[in-house]
Amino acid sequence: DDPHVRELGIYILGMLGWDTPTFVEESVAILIGCLDDADEDIIAAAATALGHRKLPSAIPALLKHMAHPNAAVRFGVTFGLCGQDDPVAIANLITLSADADGDVRDWATFGLGSLTELDTPEIRAALTARLTDDEPDVRAEALVGLANRGDRSIIPAVIRELDNRFYSTPVVEAAKLLADPVLIPHLGKAFRYIDENDEYFLEAVDDAIRACEAQSGESE
């Protein structure tokens, strides 16, 4: 009867087996039933847990909450759809990538850009639309998604993000994937602003610069 206990049980069901999922069909059947719970937190938790199970059979139940007024529920639905190449899941992630809530847009854009290798005009158009998003994290996910697909037209957008001193792993990853020498000075500016103790990020920037330099050597 305690919703907090129910929520905990839901998250455990979603992660049974972890690296090698176990009791997938049994847990998914229970989790789909939890999507009808009266408590919105439980619905959000169940949708999120279904994202760990990744069974296409859960997609229709998730879509019933696509337009839920609670952004946390819509985020759960987004998480639930991510990582599946099912055409219906992808089409609805495209819709969610334009959601009113920034966190929903961010995760949907991440799902389209990095959690599928599908490359369609519709996915590219959805990612391109997010290059001017108000949220820098959303723009960053769109950049790396398009870089994953070899879209070199985004180089000016990558430069714009770097010159605005917004440094995030996806932006740097996009620069590394593009490996264009024109990005070297813009990446170099990052060292002026990054915390010298942030070894992970410093290494990511260094790797991106090396990738660009390597490409420069090949062109010569």
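I took buried to mean under 20% relative accessible area, and on that reading buried residues make up 47% of the 220 residues in the chain. I was working throughout with a predicted model.

**Entry 1: overall layout**

I looked up the secondary structure and found 14 helices and zero strands in the chain, so that, taken as DSSP runs and read from the N terminus on, the elements run α-α-α-α-α-α-α-α-α-α-α-α-α-α. For the extent of the chain I took the principal axes, along which the C-alpha atoms fill a box of roughly 65 × 40 × 30 Å. I then turned to the contacts with a separation of 6 or more, and noted that residues 24 or more positions apart account for 61% of them. As a single long reach I looked up Asp-41 and Asp-207, which are 166 residues apart in sequence and, C-alpha to C-alpha, 41 Å apart in space. Asp-41 itself lies in helix H3 and is partly exposed, with a relative accessible area of 45%.

**Entry 2: H2 against H3**

I next examined helix H2 (residues 24-34) and helix H3 (residues 40-53), whose axes come within 9 Å and cross at roughly 155 degrees. Because angles over 145 degrees count as roughly antiparallel, H2 is roughly antiparallel to H3. The crossing by which H2 passes H3 is left-handed. On the H2 side I listed Val-24, Ser-27, Val-28, Leu-31, Ile-32 and Cys-34 as making the contact, and on the H3 side Ile-42, Ile-43, Ala-46, Ala-49, Leu-50 and Arg-53. Sorted by class, this contact of H2 with H3 has 10 nonpolar residues, one polar and one charged. I kept in mind that an α-helix has 3.6 residues a turn, so residues three or four places apart point the same way.

**Entry 3: H6 against H7, and Arg-105**

For comparison I looked up helix H6 (residues 87-96) and H7, which pack at an angle of about 140 degrees with their axes 8 Å apart. That angle makes H6 oblique to H7, and the crossing of H6 and H7 is left-handed. The contact is made by Ile-90, Leu-93, Ile-94 and Leu-96 of H6, together with Val-104, Arg-105, Ala-108 and Leu-112 of H7. By class I recorded seven nonpolar residues, no polar and one charged in the contact of H6 with H7.

Is Arg-105, which I had just listed in H7, buried or exposed? Arg-105 counts as buried, at 10% relative accessibility. Leaving aside its neighbours within four places in sequence, I found Arg-105 in contact with Leu-96, Ser-97, Ala-98, Asp-99, Ala-100, Arg-130, Asp-133, Glu-135 and Val-138.

**Entry 4: aromatic pairs**

A search of the whole structure returned three aromatic pairs. I followed up Phe-79 and Trp-107, whose ring centres are 5.4 Å apart with the planes at 25 degrees, so the pair is stacked, the cut-off for stacking being planes under 30 degrees apart. Phe-79 lies in helix H5 (residues 71-81) and Trp-107 in helix H7 (residues 102-114), so the pair ties together parts that are 28 residues apart in sequence. I noted that Phe-79 is buried, with a relative accessible area of 16%, whereas Trp-107 counts as partly exposed at 25% relative accessibility. Which residues form one aromatic cluster? I found Phe-75, Phe-79, Trp-107 and Phe-110 in it.

**Entry 5: His-65 in a loop**

I located His-65 in the loop between helix H4 (59-63) and H5. At 13% relative accessibility, His-65 counts as buried. Not counting residues up to four places away in sequence, His-65 touches Leu-35, Ile-43, Val-73, Arg-74 and Val-77; of these, Ile-43 had already appeared in my notes as part of the contact that H3 makes with H2.

**Entry 6: H10 and the residue after it**

Last, I looked at helix H10 (residues 155-163), in which Ile-155, Ala-157, Val-158, Ile-159, Glu-161 and Leu-162 are buried. I asked what these buried residues of H10 pack against, and found helix H9 (136-148), helix H11 (169-178) and helix H12 (184-188). Just after H10, I noted that Arg-165 takes a positive phi of about 65 degrees.

How values were computed:
Residues numbered from 1 in each chain as written. Predicted model: local features only at pLDDT ≥ 70, side-chain atom pairs only at ≥ 80, totals over all residues. Heavy atoms only, no water. Axes fitted to C-alpha atoms, helices over the stretch in contact; angles between N-to-C directions. Helix = DSSP H or I, 4+ residues; strand = E, 2+ residues; numbered from the N terminus. Parallel < 35°, antiparallel > 145°, perpendicular 65-115°, else oblique. Left-handed = near helix turned anticlockwise from the far one by under 90°. Contact = heavy atoms within 4.5 Å. Nonpolar A, V, L, I, M, F, W, Y, C, P; charged D, E, K, R; others polar. Buried < 20%, exposed > 50% of the residue type's maximum accessible area, 1.4 Å probe, protein only. Phe/Tyr/Trp six-rings, centres within 6.5 Å; stacked < 30°, edge-to-face > 60°.
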